[in-house]
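Work through the exercises below with the model open. Each task is followed by a stepwise solution.

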Amino acid sequence: MSKRVLLAKPRGYCAGVDRAVETVERALEQYGAPVYVRKEIVHNKYVVETLSDRGAIFVNETDEVPEGALVVFSAHGVSPMVHEEAAARSLRTIDATCPLVTKVHMEAKRFARDDYDILLIGHEGHEEVEGTAGEAPQHVRLVDTAEDAATVEVRDPSKVVWLSQTTLSVDETMVRVRQLKERFPDLQDPPSDDICYATSNRQVAVKTMAPSCDLVLVVGSKNSSNSVRLVEVALQAGARASYLIDYAKEVDPAWLEGVETIGVTSGASVPDILVMELLKFLEARGWEEVEEITTANEKIAFALPRELRKDLVR
Ligand code: 10G
Ligand code: SF4
């Protein structure tokens, strides 16, 4: 049996996550603990635990933050109401919303101003969707399931646009759009792709390797939309099995029985140290050969939030 690992590239941290995690780290250095963070800065257990150990306090809502304290908003974005609530409590805020999420917020605002109905494709209850919808609650209709697409109502079918969450399955989103366009032939496309480069690049990489894999292991947390999508994409693209794990120790030995080729990748919120630990775990069990499958080289990086940069001494 020839055991080998195919390692997807790109995988792991995207530019928005890198910036958000560094924002909390630098805020801790600059202002000292505690630094409050509204919601998980990114949807990764290890990241949240590590930052908590260093003095970050994760809360669900701004009313849990003491008056006048410092709070960081997560990479997934917040609605204007959250900014207002923070201002009402005189909180100092640093907004770590990814600029690519902000771009979608701007689109929502612009189309709402032009009085469009906005069909927002995304997962109900996800923080990003709540933030984007909050920009124009009177104009946004959420489309999550096929049933939503079949039943959603609009005021004027000639003035409708679709936007989306940034971390969806590219293929499934297109299915949803086609479904919507059958009902609303004039449905306008977003001015540019809302599903971001990192989400789509990670899906392309996993799609490329999945047909050769008996098993695809995706490192990522259960509440991480883009990580969960990678498992689905792996299975759709022909992997015989695929699982999402936070840590190498979660690999069930039964998954490895009769397996030769294992694909490994990770979600956009996952530090590469967790992938390296998984490779070590697999190496100890005979999977010593690792081949990287590169489908794109990512060079994008974002500057830290302005509110933080102004205080940093370099
Ligand atoms: O994939 P989701 O949106 O659940 O988030 P994540 O924290 O696991 O990954 C990074 C993506 C974002 C910050 C949303 S734009
Ligand atoms: Fe930004 Fe995309 Fe990363 Fe979300 S997944 S933080 S939109 S780069």
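**Exercise 1.** Find how strand E6 is joined to E7, and place the pair in its sheet.

Solution. This is a predicted model.
Step 1. Take strand E6, residues 117-121. Four bridges join E6 to E7, and the two run parallel.
Step 2. Pick out one bridge. Isoleucine 121 has valine 143 in E7 as its bridge partner.
Step 3. Widen the view to the sheet. It is open, has three strands and follows the order E7-E6-E8, with parallel pairing. The edge strands are E7 (140-143) and E8 (160-164), each of which pairs on one side only. From one strand to the next, the twist averages 30°.

**Exercise 2.** Determine which strands helices H4 and H7 lie across, and at what angles they run.

Solution.
Step 1. Start with helix H4, residues 99-113. H4 lies across E6 and E8 and runs at about 165° to E8.
Step 2. Turn to helix H7, residues 170-183. H7 lies across E6, E7 and E8. Its angle to E6 is about 150°.

**Exercise 3.** Trace the open sheet of four strands and identify a helix that packs on it.

Solution.
Step 1. Read the strand order: E3-E2-E4-E5, with parallel pairing. Strand E3 (56-59) and strand E5 (92-95) are the edges, and each pairs on one side only. The twist averages 30° from one strand to the next.
Step 2. Inspect the pairing of E2 and E3. Strand E2 covers residues 35-38, and four bridges join E2 to E3 in parallel. Valine 35 has alanine 56 as its bridge partner in E3.
Step 3. Add the helix. Helix H1 (residues 15-31) packs on the sheet and touches E2, E3, strand E4 (70-73) and E5. The direction of H1 makes about 150° with that of E5.

**Exercise 4.** Locate the annotated binding site, then work out whether histidine 43 and serine 269 are buried or exposed.

Solution.
Step 1. Consult the record. An unreviewed UniProt entry places the feature "binding site" at His43, His76, His126, Ser224, Ser225, Asn226 and Ser269. The lining of the largest cavity takes in His43, His76, His126, Ser224, Ser225, Asn226 and Ser269.
Step 2. Place histidine 43. It sits in the loop between E2 and helix H2 (45-53). Its relative accessibility is 5%, so histidine 43 counts as buried; the cut-off is under 20%.
Step 3. List contacts of histidine 43, leaving out residues up to four places away in sequence. They are His76, His126, Glu127, Ser221, Asn223, Ser224 and Ser269. The side chains of histidine 43 and glutamate 127 are joined by a polar contact of 3.2 Å.
Step 4. Place serine 269. This residue is in the loop between strand E11 (261-266) and helix H10 (272-283). Serine 269 has a relative accessible area of 4%, so it is buried.
Step 5. Connect the two. Among the residues that serine 269 touches are His43, Ser224 and Asn226. A polar atom of the serine 269 side chain lies 3.5 Å from the backbone oxygen of histidine 43.

**Exercise 5.** Find the annotated active site and describe the surroundings of glutamate 128.

Solution.
Step 1. The unreviewed UniProt entry gives the feature "active site" at Glu128.
Step 2. Glutamate 128 belongs to helix H5, residues 127-133. With 2% relative accessibility, glutamate 128 counts as buried.
Step 3. Set aside neighbours within four places in sequence. Glutamate 128 is then in contact with His76, Val101, Ser164, Gln165, Thr166 and Thr167. One of these, His76, is also listed by UniProt under "binding site".

Methods. Residues are numbered from 1 along each chain as its sequence is written. Chains are lettered from A and ligands numbered from 1 in the order in which they are written. This is a predicted model: local features need pLDDT of at least 70, side-chain atom pairs count only at pLDDT 80 or more; totals for chains, interfaces and linings use all residues. Side-chain values use heavy atoms; hydrogens and water are left out. Two strands pair if DSSP finds at least two bridges between them. Axes are lines fitted to C-alpha atoms, for helices over the stretch in contact, and angles run from 0 to 180 degrees between N-to-C directions. Contact means heavy atoms within 4.5 Å. UniProt positions are given in the numbering used here, feature names are shortened, and annotations may be inferred rather than shown by experiment. On a 1 Å grid over the protein atoms alone, a cavity is a set of points where a 1.4 Å probe fits but cannot get out, and a pocket is an open set with protein on both sides within 12 Å along at least five of seven lines; lining residues have an atom within 4 Å of a point. Buried means under 20% relative accessible area, exposed over 50%, partly exposed in between (1.4 Å probe, protein chains only). A polar contact is a pair of N or O atoms within 3.5 Å; within protein, one must be able to donate a hydrogen and the other to accept it, and residues adjacent in sequence count only if both atoms are side-chain atoms.
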